[in-house]
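Reader: I have a model open in front of me and many terms I only half understand. Could you go through it with me and show how each label is earned?

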Amino acid sequence: MLADTATSPSTTAAPAPAGQPREGSAARVRAMAGRWETLLVGLIVATAVFGQSVSSEFLSADSFTTGSLDLSEVALMALALTLVIVAAEIDLSVASVLALSSALMADLWNRGLPLEFIMPICLVVGALCGAFNGWLVTHLGLPSLAVTIGTLALFRGLAYVVIGDESVTDFPATWTDRGFGNFAGTFVPNTIVLFTMVAVAFAVLLHATPFGRSIYAIGANQEAARFAGLRVKRIKLILFVLSGTVAALAGIVITLRNSTAAANVGVGFELTAITAVLLGGVSIFGGRGTIVGVILALVLLGAIQKAILLSETISSYWIQIVTGVLLVGSVLGPNIAARATEARRLRSRQRPEEG
Amino acid sequence: MSVQAAPAPGSGPIEGAGARRLTERVFRVRELGIVIALVLLIAVTAILEPRFVETNSLRNLALNASIFAILAVGQTLVIVTRNVDLSVGSVLGLSAFLAGDLLSGDQGLALPIVFALGIALGAACGLLNGVLVTWGRVPALVVTLGTLYAFRGIAFLWTDGRQVNAETLPDAFLNLGTDSVLGVPFLVLIALIVVVAVGQWLRDYRAGRELYAIGSNPEGARLAGVRSDRRVLTAFVLAGALAGLGGVLFTARFGTVDATAGTGYELTVIAAAVVGGVAIFGGTGSVYGAALGALLLGTITSSLIVLRVEAFWQQAAIGALLLVAIALDRLVGLRVDAALRRRSARRVG
């Protein structure tokens, strides 16, 4: 699953986009992989056309507002998760950190603390959760898939320990309005403005800093990265801390947006977030993928959801089916194309010898 | 703690046998560890609350763990090959509803047919997963995350909000969920048969050993002539079939089924296998361990309820247990690796 990065010359993932263009199928596959974002844009346009044909409301400010609002938290978590997955690790505990943050918010609010104090505390707790994951992965050398399945249960459990099965709804309107409202009279929800800011920060971090480049190096070949002098453990630890912090931020957002805090919020969000990341062209084996791709994947998922929800004839259950098929197709398609190219190359090489 | 089933270069038959003996011993110690944890847990709970060891309560415990044990067996087959199947919960949901739908439509339908169809549906889902992983070269995590959604969506479309209720199911079927054969509940009996059959197959048969080889060292296994794709496909089909069986049993046990049956089971099942000593990166672990892991997780839940520990601690306890289990495995694994290295060093020298 995730372990093959260093050992096997990867059969599934196309090589890094930075390579020199070469002759032959590899270069073509490489070019195709580079165009994954283009394909996503195409799919988004197709979905938009489809959505507009289904309902004239699709391309309206209103449907953008409602459609994007529902994805806010998953979108936030997907950003930090992108970095984690590029480094060939995974964090399944994000939705549980979200719940723990929401539960903590409720508990501290019940104890009479002002929200301005509570929110930083939630972020710190999220960072600590991430640090715990990161410590287990980097210092004990445990596989992140197993660790974060464990902390998925652990953190969700702690959320229940903090507030049980009650829910808290009496948050002050000034803050819940901010969570639910639109930005300065536009049709863009505040949460999406927040997402945009976080997205820009992560895009810069991943694509324009030495730290970001070392994430790719670690994901592509951890051993080589270590021999090249990168502090692999420390970088991975930071990534898990970032993931935990952003998940806690998402917990604050979902609490304010719904003006409800409960321990059972966001069950299963981790899988949606991972879906968005992988659909965005990030390789599950690490070392490849962009923030832009992930954002496009989020837009695509949101658009599909909205189109199907607006349609009166298509059952909303199709959302799950389409999501699943897209996810598998996003990896299967390039693989089949690469194989077809390879077969053609072999044939064309054999022909002169035969003749 | 890695089972070096693939012939390592330069290892003579004697040394190989010694290594096998060592790793087998570790296996047994590992499983013994879970058994001891189980016994301790039951003993402590029984001392604090004697009603816990009444037949009825233990029976319920075993019944609840049975379905999870069957799923954990299937999951083990897949994880051992260095893959994973996240779609088991959705497959279970599909076949649970199939069983319920068939029987409420025709009460007289022969039960073996229902079981066969449920298992076949599961196997078909597993086949799809396996083909995408082997032929399509798509990582198992991606494939089964996708089919987790797709199968669940199909279940929703198919049920269309309907629900199968116990009243519409024939008694003969529902009794399967509660009846006993020679004092052993039928569900537990099925789980035991599955565990032993698959356990021996994985332990002693060539195909089973090759699953370990693939998981330990995919490239090495291929060079040694193992037909990896075919074996991995088999593992996925079996995991799907067992999830299908689990679905039919789910309906028999609970009577009420809708499209959400089995939601979220995948992580519990993986947790059970990992607690049972199945390494998430393949090559290590046994079906017996996984089944014991399922039983241990089930027992923790029940004993916390009996002890009236706030139910809210359950998940936290299970998460903590999982972390402890993998941390211990890691420590033991390092020791065993060192021991194996010392052995081969001695032979060379």
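**Where the chains meet**

Author: Let us begin with the contact between the chains, which takes 46 residues from chain B and 45 residues from chain A. Two residues are in contact if their C-beta atoms, placed from the backbone, lie within 7 Å. This is a predicted model, in which local features need pLDDT of at least 70, side-chain atom pairs count only at pLDDT 80 or more, and totals for chains, interfaces and linings use all residues. Residues are numbered from 1 along each chain as its sequence is written, while chains are lettered from A and ligands numbered from 1 in the order in which they are written.

Reader: Which helices of chain B each supply at least two residues of the side that touches chain A?

Author: They are H5 (140-159), H9 (218-223), H11 (265-275) and H13 (313-348) of chain B. H5(B) gives the most, with 15 residues. Helices (H or I, at least four residues) and strands (E, at least two) are DSSP runs, numbered from the N terminus.

Reader: How many residues on that side of chain B are nonpolar, polar and charged?

Author: There are 32 nonpolar, nine polar and five charged residues. Ala, Val, Leu, Ile, Met, Phe, Trp, Tyr, Cys and Pro count as nonpolar, Asp, Glu, Lys and Arg as charged, and the others, Gly among them, as polar.

**Buried or not**

Reader: What makes A:Gly150 count as buried?

Author: A residue is buried if 20 or more other C-beta atoms lie within 10 Å of its own, exposed if 12 or fewer, and partly exposed in between; C-beta atoms are placed from the backbone. A:Gly150 has 29 C-beta neighbours inside 10 Å, so it counts as buried. This glycine is found in helix H7 (residues 144-163) of chain A and touches B:Gly319, B:Leu322 and B:Leu323, not counting residues up to four places away in sequence.

Reader: Is A:Phe64 buried or partly exposed?

Author: A:Phe64 has 18 other C-beta atoms within 10 Å, so it is partly exposed. You will find A:Phe64 in helix H4 of chain A.

Reader: Why is helix H8 (residues 206-216) of chain B called largely enclosed?

Author: Eight of its eleven residues are buried, so H8(B) is largely enclosed by the rest of the structure. Among those buried residues are B:Leu211, B:Tyr212 and B:Ile214. The buried residues of H8(B) pack against H2, H7 (186-204), H9 and H10 (228-254) of chain B.

**Residues with a positive phi**

Reader: Which residue in the loop between helix H2 (55-80) and helix H3 (88-105) of chain B should I look at?

Author: Look at B:Arg82, which is found in that loop. B:Arg82 has a positive phi of about 70 degrees although it is not a glycine. With 23 C-beta neighbours inside 10 Å, B:Arg82 counts as buried. In chain A, A:Ser259 has a positive phi of about 40 degrees, and it is not a glycine either. A:Ser259 sits in the loop between helix H12 (232-258) and helix H13 (269-279) of chain A. A:Ser259 has 17 other C-beta atoms within 10 Å, so it is partly exposed.

**Helices side by side**

Reader: At what angle do H11(B) and helix H12 (residues 287-306) of chain B pack?

Author: The angle is about 115 degrees, with their axes 7 Å apart. Axes are lines fitted to C-alpha atoms, for helices over the stretch in contact, and angles run from 0 to 180 degrees between N-to-C directions. The residues of this contact divide into eight nonpolar, two polar and no charged.

**The chains as wholes**

Reader: How do you know that chain B is as compact as a globular protein of that length?

Author: Chain B has 13 helices and two strands. Its radius of gyration is 21 Å, close to the 20 Å that the globule rule gives for 349 residues, so chain B is as compact as a globular protein of that length. The radius of gyration is taken over C-alpha atoms, and the globule rule is 2.2 Å times the number of residues to the power 0.38. Buried residues make up 52% of the 349 residues in chain B.

Reader: How many helices and strands are there in chain A?

Author: Chain A has 15 helices and zero strands. Buried residues make up 51% of its 355 residues.
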